[in-house]
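Dear colleague,

I am passing on to you the structure shown below, together with an account of what was found in it. Please read the notes alongside the sequence and the model.

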Amino acid sequence: MQDILIKNGLIVTAEKSFNADLLISSGKIKRFGDSLDCPGSIEIDATGKYLMPGGIDAHTHLNLHIGDNKVSDGFYEGSVAAAFGGTTCVVEHPSFGPDNCSLMHQVDAYKEEGGRNSVVDFGIHGVFQHVDANILDECATLLKAGVSSAKVYMTYSGRLHDLQILSVLQRAKEIGLLTTYHAENNDIIDFLSSRLSKKQAKDPYSHSLTRPACSEVEAIFRLISMSEALGGVPIYIVHLSTAAGLLVIESARDRGLEVYAEVCPQHLLLTDSCYQESDNKGLQYIMAPPPRKKEDIDALWQGLARGTIDVVATDHCSFNFSAKLAKGKDDFRLAPGGIPGVETRLPLLFSEGVLKKKISLSRFVEVVSTAPAKLMGLFPQKGHLAPGADADVIVFDPNLKNEKILTPKNLRQNADYSPYEGMSVRGWPTTTIIRGQLVVHEGQLLVEKGWGQYVNRRQAVKNSTVTGD
Ligand SMILES: [Zn+2]
């Protein structure tokens, strides 16, 4: 593999920024330095650009199937979109497998599918769909297979009940598995959605009314209480969407509990008014939890800046608008839930966060790469620019002269809409390198499907905000 020398860029890490050249050799970061020279290498001029560790998206569903609903992309197209958006590694949440299957069943299936198709590196979360002695035993096998995190749903038909969650937490504590939670109160949601009139079911705005903020807040509080009852077990809450939920998390953290939180761009940028868009476009935003109010958005940005929210991931789950319309036109409850986003995470967060001075440049790198690397057990091999680390590097151009207007036509992700349609972003990755290989450069994809490798993840490293500048 040819060496790569990136010259004249600004190196940005979660701690600091500095001007240096960066040399990549044999898939690893070899060194930084002034005026480095390496005859025979591929040379990239990064004048005016940033060099950052590749993005790590800790929450994707590139390959989701639920019943007869299947996402529009799959591991190949989804990972290509990720690479074009500067994400070099994803951690995929698998769908549920057959009833009563083992924990490894879905991990094995996704490992195989991702290995054949992904162009970015990938890890896989476990998923609990039932709990018994065998499943609890098998948690140790998961860890050995490089799966150091596993998901629990507190809502949907595959949800766990409190007794089951307690046994999972106890086991997780014993062996050091990080459990992640979709925290919503299932009964509140079921009760409210079962009472809708025909007219209400036709109106996508009802979706937000049937999943009120309190349904998330209650589930987060209950979950934290269960962790606390066991003397404190690290937990990771996916797609936090509410200001009140953040308060509960912050209060737990103040008591010394290890509670990590992830937020997604949709909850930082959209409000529930999206459900009122004309021509049934409100259906595009059917996802759970729904976007909330302006006050929630403001609080989530503040939590992200303060460090009480650790990670920005996407929950990328690319159902087409046409598919949502076909099923949900007369009843939004039948529309498949989920939105595309893996490609736009970095540009959106840079434009809306860094350029609007809500977060610093180093904090940006921390929340899109370094912190997820720590919590997902990928650090310091990934999520970090340092000699010896995997050369997962992006060249990020913060000053694209022409702002890019987000629309499906200028995105690689295979979706017939973008939830951020019409928004303009400034700043886009121009080169994506994974383990020393140019994967995207000058607008071209340079690898075949299957370049991405399954990553054996270690136990989570405790995360705390490192940045200040
Ligand atoms: Zn998800």
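In which sense do strand 9 and strand 10 pair, and over how many bridges? The model, which is a predicted one, shows strand 9 (residues 87-92) and strand 10 pairing in the parallel sense over four bridges. Within this pairing, Val91 stands opposite Gly123 of strand 10.

**Sheets**

Strands 9 and 10 belong to an open sheet of three strands, with the order 6-9-10 and parallel pairing. Strand 6 and strand 10 (121-124) form its edges; each has a single partner strand, so one side of each is left without a neighbour in the sheet. On average, and with direction ignored, neighbouring strands of this sheet are turned by 20° against each other.

A further open sheet is built from six strands in the order 11-12-13-14-15-16, and here too the pairing is parallel. Its edge strands, strand 11 (126-127) and strand 16, each pair on one side only. Inside the sheet, strand 12 and strand 13 (residues 178-182) run parallel and are joined by five bridges. Lys151 is found opposite Thr180 in strand 13.

**The zinc site**

The zinc ion has three protein donors, His59 (NE2), His61 (NE2) and Asp315 (OD), at 2.0 to 2.1 Å from the ion. Along the chain these donors follow the spacing H-x1-H-x253-D. His59 lies in strand 6 (residues 55-60), while Asp315 is in the loop between strand 16 (311-312) and helix 12 (321-328), so this pair ties together parts that are 256 residues apart in sequence. His59 is buried, its relative accessible area being 0%. Asp315 also counts as buried, at 13% relative accessibility.

**Pockets**

The largest pocket holds about 1000 Å³ of space. Its lining consists of 43 residues, and those nearest the centre are Ile66, Tyr156, Arg211, Ala288 and Gly337. Five elements each supply at least two lining residues: strand 7 (65-66), strand 12 (149-153), helix 5 (186-194), helix 7 (205-210) and helix 10 (265-269). Helix 5 gives the largest share, four residues. By class, this lining divides into 18 nonpolar, 19 polar and six charged residues.

The second largest pocket has a volume of about 240 Å³. It is lined by 18 residues, with Pro429, Thr430, Thr431, Glu442 and Gly443 nearest its centre. Strand 4 (42-45), strand 20 (428-434) and strand 21 (437-441) each contribute at least two residues to the lining, and the largest share, four residues, comes from strand 20. The lining comprises seven nonpolar, five polar and six charged residues.

**A covered helix and a buried loop residue**

How many residues of helix 13 are buried? For helix 13 (residues 345-354) the count is 10 of 10, and the helix is mostly covered. Among these buried residues are Arg345, Phe350 and Glu352.

Val71 is placed in the loop between strand 8 (69-70) and helix 1 (74-84). With a relative accessible area of 6%, Val71 is buried. Val71 and Asn320 are 249 residues apart in sequence, and their C-alpha atoms are 7.7 Å apart in space.

**Backbone features**

Most residues other than glycine have a negative phi, and most peptide bonds are trans. The following places depart from that pattern.

- Ala288 and Pro289 are joined by a cis peptide bond, with omega about -5°. Pro289 lies in the loop between helix 10 and helix 11 (294-306), and Ala288 is also one of the residues nearest the centre of the largest pocket.
- Phe379 and Pro380 are likewise joined by a cis peptide bond, with omega about 0°. Pro380 is in the loop between helix 14 (361-375) and strand 17 (393-397).
- Asp279 is not a glycine, yet has a positive phi of about 55°. This residue lies in the loop between helix 10 and helix 11 and counts as exposed, at 61% relative accessibility.
- Lys357, also a residue other than glycine, has a positive phi near 60°. Lys357 lies in the loop between helix 13 and helix 14 and is exposed, with a relative accessible area of 75%.

With kind regards

Conventions: Residues are numbered from 1 along each chain as its sequence is written. This is a predicted model: local features need pLDDT of at least 70, side-chain atom pairs count only at pLDDT 80 or more; totals for chains, interfaces and linings use all residues. Side-chain values use heavy atoms; hydrogens and water are left out. On a 1 Å grid over the protein atoms alone, a cavity is a set of points where a 1.4 Å probe fits but cannot get out, and a pocket is an open set with protein on both sides within 12 Å along at least five of seven lines; lining residues have an atom within 4 Å of a point. Grid points are joined across faces, edges and corners, and a volume is the space filled by probe spheres set on the points. Ala, Val, Leu, Ile, Met, Phe, Trp, Tyr, Cys and Pro count as nonpolar, Asp, Glu, Lys and Arg as charged, and the others, Gly among them, as polar. Donors are N, O and S atoms within 2.8 Å of the metal (3.2 Å for Na, K and Ca); water is not among the atoms, so sites may look incomplete. Buried means under 20% relative accessible area, exposed over 50%, partly exposed in between (1.4 Å probe, protein chains only). Two strands pair if DSSP finds at least two bridges between them. Axes are lines fitted to C-alpha atoms, for helices over the stretch in contact, and angles run from 0 to 180 degrees between N-to-C directions.
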